[in-house]
Amino acid sequence: PVIVIDFGAQYAQLIARRVREAHVYSEIMPHTASVAEVLARDPQAIILSGGPQSVYASGAPQVDPALFSAGVPVFGICYGFQAMAQALGGVVRRTDTSEFGRTHLEVDEPSPLLAGIPQTLNVWMSHGDSVTQEPAGFGRLAHSLGTPVAAFADTDRGFAGVQWHPEVAHTELGQQVIENFLYNVAGLTPDWTSENFVAEQIAAIRAQVGDRQVLCGLSGGVDSAVAAALVQRAIGDQLTCVFVDHGLLRAGEAEQVEKDFVAATGVRLVVADEKDRFLEALAGVSDPETKRKIVGREFIRSFEAAARAIAGERGIDFLVQGTLYPDVVESGGGDGAANIKSHHNVGGLPDDLQFTLIEPLRTLFKDEVRAAGVELGLPEEMVWRQPFPGPGLAIRIIGEVTWERLELLRAADAIARHELTAAGLDRAVWQMPVVLLADVRSVGVQGDGRTYGHPIVLRPVSSEDAMTADWSRLPYEVIEKISTRITNEVRQINRVVVDVTSKPPGTIEWE
Ligand code: XMP
């Protein structure tokens, strides 16, 4: 893999995705990993990410110079560029001009790193310190007003770096620079494709499973559907899928899975009615992390019960989960990352898990899962479904989960989804959680009478991978229609509000 070393900004994920868009497989490691740990992954190249600190700040993460004697190509970006300059004997200074945002760049010298890049272009910068002298052996390739050395390279050794952020969408020709590094400087071949991914996973699953039985939990979402389809491709009817109806679903969801997925794959599907189990376990609980852990645990208990029902004493050894790379990183499973939320299928798993997990999508971002789904022949509607979290409506009721509240939220959600689809916005909007503020009440007036009801929050967002998101500018007419219908048709809802927070600082779900 190409290893992206995360210096603590939010850009490492983005870099990893851009590398994969160049069809080269990449993984992220924290800057606290030792050189030995990094080299143990047998990297084809290393990319040092941006970071929030100054290379001079006390405790600022440093780059161990040993990294540069391993014969592995290295690309430094922003902070990584400066740390690289410093480790190799260049000079980094606090100059008077900080550059944030759009910056005019001038190319000074042709080089394989900047092949195909025009003389001048606009790039995205975010820095206070600058490299004023490149290390010995490096060519000085570009500058900006505030940055005497904005790019350098020593192509003989496979080293290069840029002060700007080639990974962000605002930078012109950013992807080209990343690809230039990968292909021209590091000499890598673009061979990481969905086709190869599917083939590799099929071989790995066969080797892991042998002739044993496998259970797969289907949620109706893209991830579990693609994971199931992949495992089915690998081991055929050794696989049984279970759809756990935990009562936290949206209207019509259970029926849709039975209809769509089974029709597309012909997989063996068991539907388990576990509404009572989940509602009892969630009774009296309002804390988000506790809810998540309860749902994670009860999912597993449901799968165990299903396994006994299907295979009796013999049992089932393996459980497939559609865990994705962002789930792993956000649950704190990615080395060194902070635990923001316990995704029900990662941080929410009970300790006494009786299954061995098969998680074929654990290294993928969402768009890559969709590509794999297409590769596996799943229908468009299924591959492009908007994400829906495993804990379902439990994390969209702010407060205790009760059946009555679930029914309220389901009614409001059905209206919102219907109108979004009717407006043709399903693809433009990444997802639109509808949230019930169950413990909040406000005064309203309806038909001359005072009401004292609950607000519903619409949370439409646009995103590429759910790691970052922006709030969607829904047309006013669509918001109006949703608001009018919900307040007219759903008793007890007397107010509709729209969440206009990006991620960060907000997350997509409210809990
Ligand atoms: P957040 O709220 O963390 O959500 O910004 C990012 C994406 O993940 C979904 N999500 C989950 N999906 N299990 C899931 O399968 C979970 O526990 C979970 N929590 C959040 C969320 O809907 C969004 O797409």
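Which residues does His165 touch, not counting residues up to four places away in sequence? Keep that question in mind while you load the model, which is a predicted one, and select His165 as the starting point of the tour.

**Stop 1: His165 and Cys78**

With residues up to four places away in sequence left out, His165 touches Tyr11, Gly50, Ile77, Cys78, Trp124, Ser126 and Thr171. His165 sits in the loop between β9 (159–162) and α4 (174–185), and it counts as buried because 23 C-beta neighbours lie inside 10 Å, where 20 or more are needed.

Next, select Cys78, which is placed in the loop between β4 (74–77) and α3 (79–87). Cys78 is buried as well, with 26 other C-beta atoms within 10 Å. Apart from neighbours within four places in sequence, Cys78 is in contact with Gly50, Ser126, His127, Gln163 and His165, and Gly50 and Ser126 also appear among the residues that His165 touches. If you inspect the backbone here, you will find that Cys78 has a positive phi of about 55 degrees, although this residue is not a glycine.

Now add Glu167 to the selection, since an unreviewed UniProt entry lists Cys78, His165 and Glu167 under "active site". These residues span 90 residues in sequence, yet no two of their C-alpha atoms are more than 10.8 Å apart, so they gather at one spot.

**Stop 2: helix α3**

From Cys78, move along the chain into α3, which covers residues 79–87. Nine of the nine residues of this helix are buried, so α3 is largely enclosed by the rest of the structure. The buried residues are Tyr79, Gly80, Phe81, Gln82, Ala83, Met84, Ala85, Gln86 and Ala87. To see what surrounds them, display β3 (45–48), β4, β5 (91–107), β6 (120–133) and β9, against which the buried residues of α3 pack. Just after the helix, Gly89 takes a positive phi of about 95 degrees.

**Stop 3: the listed binding site and helix α6**

Select Ser219, Gly220, Gly221, Val222, Asp223, Ser224 and Ala225, which UniProt lists for "binding site" in an unreviewed entry. Within this stretch, Gly221 is found in the loop between β10 (214–218) and α6, where it is partly exposed, with 19 other C-beta atoms within 10 Å. Leaving aside neighbours within four places in sequence, Gly221 is in contact with Arg385, Pro387 and Phe388.

Ser224, by contrast, is found in helix α6 and counts as buried, with 24 C-beta neighbours inside 10 Å. Its contacts, again leaving aside neighbours within four places in sequence, are Gly217, Leu218, Ser219 and Gly322.

While α6 is on screen, display helix α5 (residues 194–209) beside helix α6 (residues 222–235), and look along the place where their axes come within 9 Å and cross at roughly 65 degrees. The crossing of α5 and α6 is right-handed. On the α5 side the contact is made by Val198, Gln201, Ile202, Ile205, Arg206 and Val209, and on the α6 side by Leu230, Val231, Arg233, Ala234 and Ile235. The residues of this contact divide into eight nonpolar, one polar and two charged.

**Stop 4: the ligand**

Center the view on the ligand and show the 15 residues around it, of which Pro387, Pro389, Thr507, Ile508 and Glu509 come nearest. Pro387 is a residue you have already met, as one of the contacts of Gly221. The shell around the ligand divides into five nonpolar, five polar and five charged residues.

**Stop 5: cis peptides and exposed loops**

Select Lys503 to Pro505 next, and check the peptide bonds in turn. A cis peptide bond joins Lys503 and Pro504, with omega at about -15 degrees, and the bond from Pro504 to Pro505 is also cis, with omega near 10 degrees. Pro504 is found in the segment after β20 (493–498), as is Pro505.

Then turn to Asp448, in the loop between β16 (442–446) and β17 (449–458). Phi of Asp448 is near 70 degrees, a positive value in a residue other than glycine, and with 5 C-beta neighbours inside 10 Å this residue counts as exposed.

Finish at Arg473, which lies in the loop between β19 (469–471) and α14 (476–489) and counts as exposed, with 10 C-beta neighbours inside 10 Å. The C-alpha atoms of Arg473 and Gln431, which are 42 residues apart along the chain, are separated by 13 Å.

Notes. Residues are numbered from 1 along each chain as its sequence is written. This is a predicted model: local features need pLDDT of at least 70, side-chain atom pairs count only at pLDDT 80 or more; totals for chains, interfaces and linings use all residues. A residue is near a molecule or strand if its C-beta atom, placed from the backbone, lies within 6 Å of it. Ala, Val, Leu, Ile, Met, Phe, Trp, Tyr, Cys and Pro count as nonpolar, Asp, Glu, Lys and Arg as charged, and the others, Gly among them, as polar. Axes are lines fitted to C-alpha atoms, for helices over the stretch in contact, and angles run from 0 to 180 degrees between N-to-C directions. Helices (H or I, at least four residues) and strands (E, at least two) are DSSP runs, numbered from the N terminus. A crossing is left-handed if the near helix is turned anticlockwise from the far one by less than a right angle, and right-handed if clockwise. Two residues are in contact if their C-beta atoms, placed from the backbone, lie within 7 Å. UniProt positions are given in the numbering used here, feature names are shortened, and annotations may be inferred rather than shown by experiment. A residue is buried if 20 or more other C-beta atoms lie within 10 Å of its own, exposed if 12 or fewer, and partly exposed in between; C-beta atoms are placed from the backbone.
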